[in-house]
Amino acid sequence: MEFKMNTDYSLLNSNNFDLFLAPRVGKLTEIFSRHLDAVDDDRAINIVDFGTNDGRNIFPFLKIMIEQIRCRSTKRDINVVLNDLPTNDFNELSKNAEAFQKDMNDQCLYVMINPGNAYRRCLPRSSIDLGTCTFILQWVSRSVKLKNQLLYFPDHMVSDLEKSEITCLAANDWKSFIQSRSWEMKKGAIIHVGIPTACKDFFQICSSTFYQLFQKGVISKEELQNTTIPMYHFRSETDIKAPFKDIDKEIDVKLLDLSTRKLRHYENKDIVDCVRSWMYHSMMDGLCQTRNNDEANDICESFFDDLKVHLSDRKWLDFEMFDVIFQKL
Ligand SMILES: C[S@@+](CC[C@H](N)C(=O)[O-])C[C@H]1O[C@@H](n2cnc3c(N)ncnc32)[C@H](O)[C@@H]1O
């Protein structure tokens with residue numbers, strides 16, 4: 001699956017740190033401090049951000065955590081690993097990573113880039129001390145064909161088979177994410193994962209806007225079916241807790257904290273520009289199976305024009321966020 005974001009994603013979403021991670025900094029500092037106090041060797045401390053995009057949204061958090069380490073030791077090596085899929089814009093990430101390193105002015109800080117799929121192992125065994133992963137678990141690991149929907153939402157124009165395929169895929173992805181991290185974490189290490197959920201009406205509006213292109217004859221039935229954004233936004237608290245119930249050799253972590261909060265996304269922004277930054281490539285992927293690039297792009301533009309009309313009374317999108325913190329036993 002050729003999955004990536006537009007290069008303006010991070011600029012358009014530049015307040016993601018304030019929205020997603022800032023409210024959890026107190027709790028994470030407290031738990032991470034306990035882990036640092038318990039570390040009884042002088043190995044490097046490794047901090048990882050999975051699905052970092054161009055890095056912009058994680059640097060404020062990294063600064064705070066690096067200060068925590070420096071309060072305890074000025075000389076200890078700190079490795080920051082910035083992960084994203086190989087399709088990410090790594091040029092932009094490299095520039096931002098270099099600027100971050102300069103700004104930190106710390107001789108013992110090393111910033112590294114790690115192309116890899118977070119649903120698999122990306123780092124060596126027992127290496128991570130602190131990990132973050134914000135706003136990526138809603139992307140499933142492969143595309144699922146949905147006959148009538150652009151973005152999956154339950155209960156409308158979706159078959160039981162489609163529903164069960166995407167729900168199982170999302171459950172397996174979450175389990176694989178935890179299994180992979182469990183392998184990579186040091187004893188006592190912690191990972192924070194921010195998982196968005198709900199926002200059903202927005203998904204419904206997107207799907208019906210795309211379906212109308214089929215009804216107007218702009219796209220064919222085949223194109224309607226080929227074009228699905230590989231996303232699952234409907235995990236429940238039970239789904240989130242499920243993998244932690246099977247602690248064994250492969251999942252050797254415990255759920256430390258699970259909470260949910262309401263979020264207002266894209267406030268004071270052009271909602272369609274913001275969502276275009278993560279929808280566009282998946283749509284092009286589907287449409288380019290039958291159209292050339294220009295035709296596919298024109299269809300996307302008609303879709304976003306129509307979406308603007310259908311969302312004209314919205315000042316923001318409401319959804320919820322699960323904050324999950326787990327720890328290696
Ligand atoms: C919505 S952006 C979030 C970026 C950033 N974490 C933030 O909070 O602003 C999702 C990012 O996750 C990446 N991503 C999606 N699936 C991934 C996977 N399986 N492994 C690693 N990165 C992934 C995408 O390439 C994209 O950069």
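How many of the 13 residues of strand S5 (residues 185-197) are buried? In this predicted model, the count is 10, and strand S5 is thus described as mostly covered. That strand is a handy place to enter the structure, and the paragraphs below move outward from the sheet to the helices, the ligand and a few individual residues.

Strand S5 belongs to an open sheet of 7 strands, arranged in the order S3-S2-S1-S4-S5-S7-S6, with mixed pairing. At the edges of this sheet lie strand S3 (109-115) and strand S6 (253-265), each of which pairs on one side only. Direction ignored, neighbouring strands of the sheet are turned by 15° against each other on average.

The sheet can be followed strand by strand, beginning with S2. Strand S2 (78-84) has 7 residues, and because 6 of them are buried, the strand is largely enclosed by the rest of the structure. S2 is joined to S1 by 5 bridges, and the two pair in the parallel sense. Within this pairing, Asp49 is found opposite Leu82 in S2. Strand S1 (residues 45-50) also runs parallel to strand S4 (residues 128-134), to which 4 bridges join it. Here Val48 faces Gly131, a residue of S4. Gly131 then leads on to the following strand, since its bridge partner in S5 is Ile191. S4 and S5 run parallel as well, and 6 bridges join them.

Two helices show nicely how one element can have a covered side and an open side. Helix H4 (residues 59-72) contains 14 residues and reaches 20 Å from its first C-alpha to its last, close to the 20 Å expected at 1.5 Å a residue. Its buried residues include Phe59, Phe61, Leu62, Met65 and Ile69. These residues lie on the same side of H4 because they cover an arc of only 145° around the axis. Lys63, Glu67 and Cys71 are exposed on the other side of H4.

Helix H11 (residues 293-310) has 18 residues, and the distance from its first C-alpha to its last is 26 Å, close to the 26 Å expected at 1.5 Å a residue. Which residues of H11 are buried? They are Ala296, Ile299, Phe303 and Leu307. Seen down the axis of H11, the buried residues fall within an arc of 80°, so they line one face of the helix. Turned away from that buried side is a face carrying the exposed residues Asp294, Glu301, Asp305 and Val309.

The model also includes a ligand, with 22 residues around it. Those that come nearest are Gly51, Asn53, Asn57, Ala118 and Ile136. By character, the shell around the ligand divides into 10 nonpolar, 10 polar and 2 charged residues. Helix H2 (16-21) and strand S2 each supply at least two residues of this shell.

Asn53, one of the residues that come nearest to the ligand, deserves a second look. Asn53 lies in the loop between S1 and H4, and its phi is near 60°, a positive value in a residue other than glycine. Is Asn53 buried or exposed? Asn53 is buried, because 27 other C-beta atoms lie within 10 Å and the cut-off for a buried residue is 20 or more. Ser126 offers another case of a positive phi, about 50°, although Ser126 is not a glycine. Ser126 lies in the loop between S3 and S4. With 14 other C-beta atoms within 10 Å, Ser126 is partly exposed.

Two further residues show how positions along the chain relate to positions in space. Cys274 lies in helix H10 (residues 271-287) and counts as partly exposed, with 17 C-beta neighbours inside 10 Å. Although Cys274 and Asn13 are 261 residues apart in sequence, their C-alpha atoms are 7.1 Å apart in space. Asp239, in helix H9 (residues 237-241), also counts as partly exposed, with 17 C-beta neighbours inside 10 Å. Asp239 and Lys4 are 235 residues apart along the chain, and a distance of 26 Å separates their C-alpha atoms.

Key:
Residues are numbered from 1 along each chain as its sequence is written. This is a predicted model: local features need pLDDT of at least 70, side-chain atom pairs count only at pLDDT 80 or more; totals for chains, interfaces and linings use all residues. A residue is near a molecule or strand if its C-beta atom, placed from the backbone, lies within 6 Å of it. Ala, Val, Leu, Ile, Met, Phe, Trp, Tyr, Cys and Pro count as nonpolar, Asp, Glu, Lys and Arg as charged, and the others, Gly among them, as polar. Two strands pair if DSSP finds at least two bridges between them. Axes are lines fitted to C-alpha atoms, for helices over the stretch in contact, and angles run from 0 to 180 degrees between N-to-C directions. The expected span of a helix is 1.5 Å times one less than its number of residues. A residue is buried if 20 or more other C-beta atoms lie within 10 Å of its own, exposed if 12 or fewer, and partly exposed in between; C-beta atoms are placed from the backbone. The arc is that of the directions from the helix axis to the C-beta atoms.
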